Amino acid sequence: MKKGLLVKLLSMAVAASMIAAGCGAATETSETKESRTNGTEAVSKESASGTEKAGGETEKAGKSAGEKSEGDIPSELTLYTYYADSAIEQVDRALEIMKETYPDLKINIEHRTDSDGSVLKTRAAVGELPDIFECTGQLTDLMVKSGDLAELDSVIEETGFFDKYLDGNFEVKRSADGHFYAISSTTPECCLMFYNKEVFARLGLSEPKNFDEFKNVVEKLSGDGMIPLALFAQQKWPGLQMFDMAVIGEGQPLGITGLDDGTAKVTDPEYLAAAKKLSELVSMGLIGKGALNTNASQAFELLETGQAGMLVNGSWFFNDAAVGGYGDKIGYFEYNPFADAGKEEEMHWTKSGGTGAMGGYGVSAKGKYVEYSKKVLISFLEARDIANAELGSLSVRKEPVKPLEPRAEAYQAYADSLDKIESTTKYEWALNNQELITGLEDACELLLTGLSTPEDYIADLEERISMALGE
């Protein structure tokens with residue numbers, strides 16, 4: 001399997017960052033836990049461009065990104081974004097950087113609590129979208145069709161925004177009509193199995209490379225009275241992504257992505273075999289009885305404190321662990337733990353998650369300050385990528401940003417391995433069919449709770465997928 005263009009470009013980005021900082025770069029944040037939700041001020045509430053009026057307006061035009069604006073400009077805007085765990089520090093730092101361009105603008109943060117866009121759908125229906133908001137892949141198409149997303153082509157060209165990133169990085173964000181409506185830089189955030197290195201050392205465990213070794217790890221952790229894997233199943237995507245990982249381990253590199261685009265069938269033998277392995281692990285006590293009521297914050301704490309041995313999450317968790325002060329305690333499985341013994345190398349460099357998809361940050365087309373918000377959005381995206389790189393995240397910016405501190409050993413190992421990745425699958429929120437996503441989530445939840453046999457799971461999915469795809 002040949003490496004894709006994006007992987008090669010990302011490898012170049014990592015190399016560039018290593019030249020500048022003696023180490024690589026790192027990723028963005030996504031889904032983890034619920035946290036603060038209101039009222040983060042980026043900058044002063046008072047506007048120097050004029051007398052403030054009710055509703056946050058100002059009477060005179062001010063400057064935006066070094067250029068003059070005509071007409072009223074706002075003294076404050078609302079930014080709807082994920083604001084928990086390591087994202088708090090990243091967003092706060094980005095807003096601090098933005099003060100250089102927008103010293104008198106107040107940005108109010110609203111925390112995104114979901115991954116499927118249900119909150120934004122509701123707000124769009126009643127005409128109450130934020131000025132700037134984080135928009136997931138499948139939701140982008142819906143909002144383009146409904147006219148709720150403003151086109152960004154002109155501001156992208158005016159600011160030369162794409163010129164600051166590796167070529168081709170944003171192509172996946174282009175809508176079917178050829179325009180851009182929601183954008184963000186694309187970095188390889190694969191789904192990984194993390195583990196507490198201190199717990200593994202105490203029990204004499206090593207990173208499993210195949211399914212037999214993985215079962216031994218689960219058995220040893222459970223026998224020690226621990227939760228083998230802290231799954232924050234209040235969100236349904238981690239469990240489904242673990243199934244995706246299991247399908248890859250069976251030799252099907254398309255995972256759940258193949259079900260979305262019709263290039264694979266859930267009745268293919270790899271999917272049933274993956275379901276059987278996941279079901280076997282659940283029967284061994286893999287995730288504990290309280291998984292469905294566990295949120296990301298709680299799962300992180302379980303891993304950090306050694307009450308759980310493992311965690312499944314995206315590679316952005318490296319940043320969460322670093323911000324939490326326990327980055328050096330975290331390792332990750334390089335090999336797919338669902339692979340059969342003797343077949344470890346076959347899917348070694350095929351990873352779950354990480355494929356770029358539609359979506360990013362957009363501007364409400366029906367807001368009061370659309371054009372001004374577009375410029376603020378571009379400023380935020382650039383500041384966000386600089387902030388992320390400073391805090392150790394992988395970067396695809398052409399100009400290297402030196403991390404403030406060296407990465408933890410495991411994170412650096414992951415960064416160094418990026419050029420070896422041959423293919424990736426999508427996260428569930430990047431799939432194109434919302435009905436399919438819902439069906440996959442609900443069916444997988446039943447499998448993880450032991451309420452569905454692997455055979456029933458596949459039969460249920462076959463029916464749900466057929467309905468979702470209109471077959």
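Me: Is aspartate 104 buried, partly exposed or exposed, and how is that decided in this model?

Reply: The general idea is that a residue counts as buried under 20% relative accessible area and as exposed over 50%, with partly exposed in between. In this structure, which is a predicted model, aspartate 104 has 28% relative accessibility and therefore counts as partly exposed. Aspartate 104 belongs to the loop between helix H2 (86–98) and strand S4 (106–111), and its C-alpha atom is separated by 9.7 Å from that of proline 74, a residue 30 positions away along the chain.

Me: What share of the protein's residues is buried, and how many helices and strands are there?

Reply: Of the 471 residues in the protein, 58% are buried, and the protein has 16 helices and 12 strands. Contacts can be read by sequence separation as well: among those between residues at least 6 apart in sequence, 76% join residues at least 24 apart.

Me: In what order do the strands of the open sheet stand, and which strands are at the edges?

Reply: To read a sheet, one follows each strand to its partners. Here 4 strands form an open sheet in the order S7-S8-S6-S9, with mixed pairing. Strand S7 (227–230) and strand S9 (330–332) each have a single partner strand, so one side of each is left without a neighbour in the sheet. From one strand to the next, the twist averages 30 degrees. Strand S6 (residues 191–196) and S9 run antiparallel and are joined by 3 bridges, and tyrosine 195 stands opposite glycine 331 in S9.

Me: Which strands does helix H7 lie across, and which does helix H8 touch?

Reply: A helix that packs on a sheet can be described by the strands it meets and by its direction relative to one of them. Helix H7 (residues 211–223) lies across S6, S7 and strand S8 (308–314), and runs at about 130 degrees to S8. Helix H8 (residues 237–249) packs on the sheet too, touching S6, S7 and S8, and its direction makes about 105 degrees with that of S6.

Me: How many aromatic pairs are found, and what distinguishes a stacked pair from a tilted one?

Reply: The angle between the ring planes decides, since planes under 30 degrees apart count as stacked, over 60 as edge-to-face and the rest as tilted. A search of the whole structure finds 32 aromatic pairs. One of them, formed by phenylalanine 162 and phenylalanine 170, is stacked, at 4.3 Å centre to centre with 10 degrees between the planes; phenylalanine 170, at 4% relative accessibility, counts as buried. Phenylalanine 318 and tyrosine 414 form a tilted pair, with 5.7 Å centre to centre and 35 degrees between the planes. Because phenylalanine 318 lies in helix H12 (residues 317–324) and tyrosine 414 in helix H14 (residues 409–417), this pair ties together parts that are 96 residues apart in sequence. Phenylalanine 318 counts as buried at 5% relative accessibility, and tyrosine 414 counts as buried at 2%.

Me: Which arginines lie over the face of a tyrosine?

Reply: Arginine 397 lies over the face of tyrosine 165, at 5.7 Å from the ring centre, and arginine 407 lies over the face of tyrosine 411, at 5.1 Å from the ring centre.

Me: At what angle do helix H15 and helix H16 pack?

Reply: Helix H15 (residues 434–448) and helix H16 (residues 454–468) pack at about 170 degrees, with their axes 9 Å apart, which makes H15 roughly antiparallel to H16. The residues that meet include Leu436, Leu440 and Leu447 in H15, and Tyr457, Leu461 and Ile465 in H16.

Methods:
Residues are numbered from 1 along each chain as its sequence is written. This is a predicted model: local features need pLDDT of at least 70, side-chain atom pairs count only at pLDDT 80 or more; totals for chains, interfaces and linings use all residues. Side-chain values use heavy atoms; hydrogens and water are left out. Two strands pair if DSSP finds at least two bridges between them. Helices (H or I, at least four residues) and strands (E, at least two) are DSSP runs, numbered from the N terminus. Axes are lines fitted to C-alpha atoms, for helices over the stretch in contact, and angles run from 0 to 180 degrees between N-to-C directions. Contact means heavy atoms within 4.5 Å. Rings of Phe, Tyr and Trp (its six-membered ring) pair if their centres lie within 6.5 Å; planes under 30 degrees apart count as stacked, over 60 as edge-to-face and the rest as tilted. Buried means under 20% relative accessible area, exposed over 50%, partly exposed in between (1.4 Å probe, protein chains only). A charge sits over a ring if NZ of Lys or CZ of Arg is within 6 Å of the ring centre and within 35 degrees of the ring normal. Angles under 35 degrees count as roughly parallel, over 145 as roughly antiparallel, 65 to 115 as roughly perpendicular and the rest as oblique.
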